[in-house]
Every structure is written in structure tokens, then in C-alpha cells.
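Dear colleague,

I am handing over the structure below, together with an account of what was found in it. Please read the text with the structure open beside you.

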Amino acid sequence: MADSTGRVGMEYNYQFWLDYGLISEEHGYKLTLGVKNVIFEIRTNFILRKKKIRHDCEDEDEDEDEDEILDSETLSFCFPYNTNDHTPPLLFFVCFRLADYWMTRDEMDALVNNAIDFARRQMEAAHPQLTNLVVPVVVGVNVCTVQQEGETVVEARNRSIRAKHLVPAYLWQHPYFKMDEHTTRPKPPRLMSFLRLLPRIRNVVVDDDDDGDNDNFVCSICSKNPWFGVQKTSLPCCGHTFHSHCVVPWLEHNHLCPSCHSPAYDPHYMNLF
């Protein structure tokens, strides 16, 4: 188990294990024949860690954490593995999502390097003549939003890092990725590139009285104010600002700004028609 402390009110922990059920045909991983393959399946739980509750019973000596799993997501990758190559390019494919979890670069490097070392040890322990060996590594990640002193559970839940508050993972679609049934439809590469490159700024204003561009901002898509840690996107075409996780799905199906209806991109150039 590895632990790290992230931003204020955020904690992360992760562990690794093998799941040979991933090798079955029903999982649909595209293996490279004649070489060793490694599967990395990152299973993330988004957790609300409520402040400790002290028991009045004399036989209870310690406080007890109350964890609430808010939601989860899975990212899956399959790489051909060559012992003569450098480390598999796992960081390249997951850094975008780990950054959305608000992890630092050092935390990302530690997680990825430990995952690769775990996979390498499993490879080295196998018989060298097993050219079709598949090592299925599960990376179990907990992204914990921690309730702070003086903060209600509702307030902590509203600002939590969770899947529904993140831009869709399929923006980074790649042949190494294994998409679920909701993301298997091919998406125009130009559109995906445009959506990936949209600016995303994390809101770090804590006090409503602070000066900044958050004053009076309400996302016109969800009608909510920004909360601490959420990412915002200002459209280059008009400057209108929205929650990133709101405007990206909007622009996937509509090329107009939700506020002023200015064209955010040319749908013909994006090969939508």
C-alpha cells in the first residue's frame, strides 16, 4: 500500500494485484500475438471521507472514519511488453486523468513507477519461454475528498472529486485503450483534439469574498456556482465560462456556445457532417 497527501482536503492511496479474469475473451483486450503483454486496469473509487465520529462507549478507544463511495471509473490499457525496451508508456496515457484527480506530478510518477515495477516483477518471475504470457495488473486507486473542520457533509460532497465532475476520459481515446460500451462509437479525431485542448483552470477560491474572476459566475449549463477544486473552461470564441465537465459533453454534440450561440468550432471541419 502506498499513501500520499494531496491538496488541502484530498488524500490518495493505491494498491496493486493480479486479476487473471481479465485475460478471458469477454473482456475484449487486443493482445499482440507472439510477445508478452501487460494489462493495466486502473479502478478508481471516489470517496468522501467524513470527519471522525467519537463513540461514547467506553470500549471504543479510537475514532472511526466514515467513508462514502460516491462513484467509480475504470481505465484500461494493454501494451506489448519487451524487456529490452524502456518502461511501458503508461504515464503518457494516464497522466491526463491523474491530473484531473488533482495529483501532483511527483504523485503521478510514484504511482506509475510502482505499477510498472509490480508488472515487471511478475514478468521476471514467469518462465522465459512463455512468449504469449499476459500479466493482468489491477491498480486500485482511492481518491478521497476529506471533510474539513467546520464543513458540513453536504458541502464536502458537493466539492468532491468524482467521475461526474471530470471531463470524459474518452477524450484521450487511443488504440491501447479499452473503452466500455458507452464509448465504443468512433469519435472524430479533430473534434476530440479540439476538446482536449480547451483551457481548463481549476477553481481554488475558498472564500466567497475573495476577489477574482469567480465573482457572480454561474455555469449556464448546470446553473451552479463553481466550487473549490472544480475545473472551468472559457471558450476561445467568446470568453463565456462554464464548468469543464459541463461544456465538453455539450460541445461534443453542439458547436454553439450555450450562452451566446457563437460558433465554438466549424462542424464541417470536425467531420461531424
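Against which elements do the buried residues of α5 pack? They pack against α4, β7 and β8 (241-243), and I return to that part of the chain below, after a word on the whole. Please keep in mind throughout that this is a predicted model.

The overall architecture

The chain holds five helices and eight strands, and these follow one another along the sequence in the pattern β-β-β-β-α-α-β-α-α-β-β-β-α. Of its 273 residues, 44% count as buried. Among the contacts with a separation of 6 or more, 67% are made by residues 24 or more positions apart.

Helix α5 and its surroundings

Helix α5, which spans residues 244-253, is mostly covered, with seven of its 10 residues buried; these are S244, H245, C246, V247, V248, L251 and E252. One of its packing partners is helix α4 (residues 189-197), and the two helices pack at an angle of about 155 degrees, with their axes 11 Å apart. Because an angle over 145 degrees counts as roughly antiparallel, α4 and α5 are described as roughly antiparallel to each other, and their crossing is right-handed. On the α4 side the contact is formed by L191, M192, F194 and L195, which meet V248, L251 and E252 of α5. Sorted by class, the residues of this contact comprise six nonpolar, no polar and one charged. V248, L251 and E252 thus appear in both accounts, as residues of α5 that meet α4 and as buried residues of that helix.

Strand β7, another of the elements against which the buried residues of α5 pack, covers residues 231-234 and includes S234. With a relative accessible area of 32%, S234 is partly exposed. Leaving aside neighbours within four places in sequence, S234 is in contact with P199, G239, H240 and T241, and with T241 there is also a polar contact between the two side chains, at 2.6 Å. The C-alpha atom of S234 is separated by 8.6 Å from that of S244, a residue 10 positions away along the chain, and S244 is itself among the buried residues of α5.

The pair α1 and α2

A second helix pair is formed by α1 (residues 90-100) and α2 (residues 105-125), which pack at an angle of about 135 degrees with their axes 10 Å apart. This angle falls in none of the ranges for roughly parallel, roughly perpendicular or roughly antiparallel, and α1 and α2 are therefore oblique to each other. Helix α1 passes α2 in a right-handed crossing. From α1 the residues L90, L91, V94, C95, L98 and A99 take part, and they meet R105, M108, D109, V112, A115 and I116 in α2. By class, this contact has 10 nonpolar, no polar and two charged residues.

Two serines of strand β4

Strand β4 runs over residues 64-81 and contains S76 as well as S72. At 5% relative accessibility S76 counts as buried, whereas S72, at 47%, counts as partly exposed. The side chain of S76 is joined to that of E41 by a polar contact of 3.3 Å. For S72, the contacts beyond four places in sequence are with T44, N45, F46 and A163; the C-alpha atoms of S72 and T44 are separated by 5.5 Å, although the two residues are 28 positions apart along the chain.

A buried glutamine in a loop

Finally, Q147 is found in the loop between β5 (134-146) and α3 (153-158). Is this loop residue buried or exposed? Its relative accessible area is 7%, and because buried means under 20%, Q147 counts as buried. A polar atom of the Q147 side chain lies 2.6 Å from the backbone oxygen of E151. Not counting residues up to four places away in sequence, Q147 touches R49, K50, K51, T152, V153, A156 and R159.

With best regards

Conventions. Residues are numbered from 1 along each chain as its sequence is written. This is a predicted model: local features need pLDDT of at least 70, side-chain atom pairs count only at pLDDT 80 or more; totals for chains, interfaces and linings use all residues. Side-chain values use heavy atoms; hydrogens and water are left out. Axes are lines fitted to C-alpha atoms, for helices over the stretch in contact, and angles run from 0 to 180 degrees between N-to-C directions. Helices (H or I, at least four residues) and strands (E, at least two) are DSSP runs, numbered from the N terminus. Angles under 35 degrees count as roughly parallel, over 145 as roughly antiparallel, 65 to 115 as roughly perpendicular and the rest as oblique. A crossing is left-handed if the near helix is turned anticlockwise from the far one by less than a right angle, and right-handed if clockwise. Contact means heavy atoms within 4.5 Å. Ala, Val, Leu, Ile, Met, Phe, Trp, Tyr, Cys and Pro count as nonpolar, Asp, Glu, Lys and Arg as charged, and the others, Gly among them, as polar. Buried means under 20% relative accessible area, exposed over 50%, partly exposed in between (1.4 Å probe, protein chains only). A polar contact is a pair of N or O atoms within 3.5 Å; within protein, one must be able to donate a hydrogen and the other to accept it, and residues adjacent in sequence count only if both atoms are side-chain atoms.
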